[in-house]
Amino acid sequence: MSRETSEHPVEGNGLLPLNDLLSPADDQQSTPGPQAKRPRNFIATVACETCRLKKTRCDESRPRCGLCKSLDLECVYNERKSSKRDQSLSMIMSTLHRLETKMESIPSAVCQDMQPFQDRLLQSLRTFNGSRDLDLQALTAAAAAAAGTSNGNGSSSSNTNNRPVVSIMRHQAVTPALDSPGHFDVDDQYHSQKQQQGASVSTGHVAISFSQHGVINWSGVRSILPERVLAAYETLGRNYVIDVEKKRLPLPMHIRPFPSQAGERWLEVLPLALIKGLSDAFFTTFNPFTPIMDKNFYFSFTLGAAIESGFGCTMESCLVLNVMALGCLAVLAHREGNYPLPGSHILHFEPPDWMSVVHEEPAGLRFFNEARRRIGFLMCENDLQSCQFYLLSSVYYSQILRPMDWWAMNHRAATCCLSMFTNQDVNFDQWEGDMKSRVFWSCLMNESILVQELPLPPSGLLRLEETVPIPKFISFETTGFGSARFPSSGDLDDSFFQYHFLAQVAHRIILNRIRHSLYFFSSSGTFPLPAITAELHHQLEQWRVNLPPALQFPDPFFAATTPRSTAAASPIPTPTARNPPLLLRLDSSTSITSTSSPSPSSSSTSPPSSSPHTPATAVAEAMLRGRYTIGKFHIGRPYLYKALHAPDVLTDHDLDQVRSGLRAAMDWPITQGIFRSMKSCIPIKFAFCSQFFGQILLFHCIAQSPNARVRDTLPLGWERWNAEMLHFLDECALFSPAIAQDLDILRLMIP
């Protein structure tokens, strides 16, 4: 029985002091022995029958565990039965393996379509060398080796004896070399017009930039854009995004205690309701679709260790402070979307007693700065908790639109992953090993987004992709440790978000295949190859239809094949006076009305019944549909390049792909519906802004193309979508100088 509340002083806000709430009960105080030890790293997942009966910890040694061996007893293990979740995860793993196997057949299709090109290339090489004695088989083998394909035996082939041929063929490769995952190819990021022209003269092929900021360097785009746009871009420089972000002021380093009169030791007197409320908000908003932390372990051990240390210089304190910083953004998201906070029994948002803690710019900075103060003493650690801290920091920087800081923290987390996986054995069948798998894939996917968009060096984490398995989401069991001291108030369906994370991993594999297999152009019209395009569309469709039932969604382009009125489209917010958006060919049928969200004080109704139950569910559903459209768009981008660069050689198939790509570039779910007002939890906003920058350039250039067939590929409602993308950029430009610079460049396209 706990002590009487009369023994505790009560704070002005009606809540008990934190240290008193943490005092053990009387029966716990009477228990002799030393203080509670820190949690053990090892947890037996399958104990033998002897250890189970004796209720002792089993070391799981085979064929006999340590206890059975010492007692000379027979050691029997009863393997646990697989649950429905295990069966679902197994189905996902099988689907991923099947997709990977099917995509491995892409190079064979490449070789078949390459045969006419190889014949012409052979003739040109014979003329160039003045010899007709080149070996066709050796030439084909060299091309296959450079393209990352294999010969008829299934083994990789190369021709080391004929170095001139191999050297030439490496420049003619259909795809970049896939055997050097750590290589950073600048030509795949930003290449100037002269570099592109030089490539086409020497090899006949151009490596198309996957970066949306690289669209402005496409020769077809540069031939259409006004001179003032190109002059402004040249003045800024090709790497202006990185340059302006590096020059921006750092985050303020001051710390505002809460409440203001609490003094320097304000963290030690924080109400437990505040700490727990912010933690719950984080775990029901950000962690579901970025599963960096384990909720059970956090509320069972991490939170308690941080509080008991008085938020000292420990990694647990740093983790909790980062969780609370992101929790402030999560609370804002609940308010913006009018969602009830975790544990609430009402159907709409109601501000908690501690709501004023989130009222700073940016929200959560006081907690984030406290974490930054402490991490200096712990910066040399490279364990799991350190990796989690840097990943949480990267998420915070991403949410407040600081892309270079986002990359720096993710790069530091990648260093922790490299240390964990290269210097020690990892058992991925145990909870700790599975957590390492979760942070690895979270880190790798974030890095892929950044290094594909900006000319930033990768960490080398990609080389571990084949050795680190996809996470199984092994839950942390508190059996033997007692129940959690601070149980979570969240009631989310974890399996939904676990499937969503696995679907993200599968989609990333397909997106990388699109990049490495399709992003080349030939002035002769050979590339992009229709066989590869059809296969990639098929793989993306297989990804969609093989999703678990909880994640299934209809094909968004099925309904889009029928004409729809742009007037029926959902309205967009009124632009701000500071940055009036650029409206390219905005016609009278496009409706622009104000959709400003109601103030928190007047928000008294619950979200519509059709809305997702939580902000995390809304994000997961929107991102899932968005990834499908993103994949379709990136399959169509090489054809957009061809339409702008060589419109006279376009085939009917090419025009269909241009239409498909433009249609997939429209109405991305993460900017629609509830996200018009709930912006605090939109993930990777900088990446979306970069995508919109390139898309606006492409829509403008297609609309201004001198070729009528190209102009006719524009979908209905593209002007409305242009205005909507510009409004999104306008709102984000307040927090990022690079986005503001993008917007200034786009404004120069106004006549």
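A residue counts as buried when its relative accessible area is under 20%. By that cut-off, 54% of the 751 residues of this protein are buried. The model is a predicted one. Its secondary structure consists of 27 helices and two strands. Take the contacts between residues at least 6 apart in sequence: 75% of them join residues at least 24 apart.

Start with the annotated stretch. UniProt, in an unreviewed entry, places the feature "domain: Zn(2)-C6 fungal-type" at residues 47–77. In the model, this span is 39% helix and 0% strand. Its end C-alpha atoms lie 7 Å apart. Two of the helices to look for here are α3 (49–54) and α4 (66–71), with P63 in the loop between them. The peptide bond leading into P63 from R62 is cis, and its omega is near 5°.

There is another cis peptide bond further along the chain. It runs from F258 to P259, with omega near -10°. P259 also sits in a loop, between α12 (240–247) and α13 (272–283).

Next come helices α14 and α15. Helix α14 covers residues 295–308, and helix α15 covers residues 315–337. Their axes come within 7 Å and cross at roughly 110°. Angles of 65 to 115 degrees count as roughly perpendicular, so α14 and α15 are roughly perpendicular to each other. On the α14 side, the contact is made by Y298, T302, L303, A305 and A306. On the α15 side, E316, S317, L319, V320 and V323 take part. By class, this contact has seven nonpolar, two polar and one charged residues.

The loop between α14 and α15 holds F311. Its backbone is worth a look: F311 has a positive phi of about 55°, although it is not a glycine. Is F311 buried or exposed? With a relative accessible area of 2%, F311 is buried. Now follow the chain past α15. N338 lies in the loop between α15 and α16 (365–375). N338 is not a glycine either, and its phi is positive, at about 60°. The relative accessible area of N338 is 9%, so this residue counts as buried too.

Move on to helices α22 and α23. Helix α22 spans residues 615–645, and helix α23 spans residues 652–664. They pack at an angle of about 135°, with their axes 7 Å apart. That angle makes α22 oblique to α23. The crossing of the two helices is left-handed. Which residues of α22 and α23 meet? From α22 come T629, K632, F633, I635, G636, Y639, L640, K642 and A643. From α23 come H653, D654, Q657, V658, G661, L662 and A664. The residues of this contact divide into eight nonpolar, five polar and three charged.

Helix α24 (residues 685–703) contains G694. G694 is buried, because its relative accessible area is 0%. What does G694 touch, leaving aside its neighbours within four places in sequence? The contacts of G694 are then with Q212 and V215. Q212 is far off along the chain: G694 and Q212 are 482 residues apart in sequence. In space, however, their C-alpha atoms are 4.6 Å apart.

Helix α24 also packs with helix α27 (residues 737–747). The axes of α24 and α27 come within 11 Å and cross at roughly 10°. Angles under 35 degrees count as roughly parallel, so that is how α24 lies to α27. From α24, F686, C689, F693, I696 and L697 enter the contact. They meet A738, I739, D742, I745 and L746 in α27. By class, the contact of α24 with α27 has nine nonpolar, no polar and one charged residues.

Three helix pairs can now be set side by side. Helices α14 and α15 are roughly perpendicular. Helix α22 is oblique to α23. Helix α24 is roughly parallel to α27.

Note on methods. Residues numbered from 1 in each chain as written. Predicted model: local features only at pLDDT ≥ 70, side-chain atom pairs only at ≥ 80, totals over all residues. Heavy atoms only, no water. Axes fitted to C-alpha atoms, helices over the stretch in contact; angles between N-to-C directions. Helix = DSSP H or I, 4+ residues; strand = E, 2+ residues; numbered from the N terminus. Parallel < 35°, antiparallel > 145°, perpendicular 65-115°, else oblique. Left-handed = near helix turned anticlockwise from the far one by under 90°. Contact = heavy atoms within 4.5 Å. Nonpolar A, V, L, I, M, F, W, Y, C, P; charged D, E, K, R; others polar. UniProt positions renumbered as here; feature names shortened; annotations may be inferred. Buried < 20%, exposed > 50% of the residue type's maximum accessible area, 1.4 Å probe, protein only.
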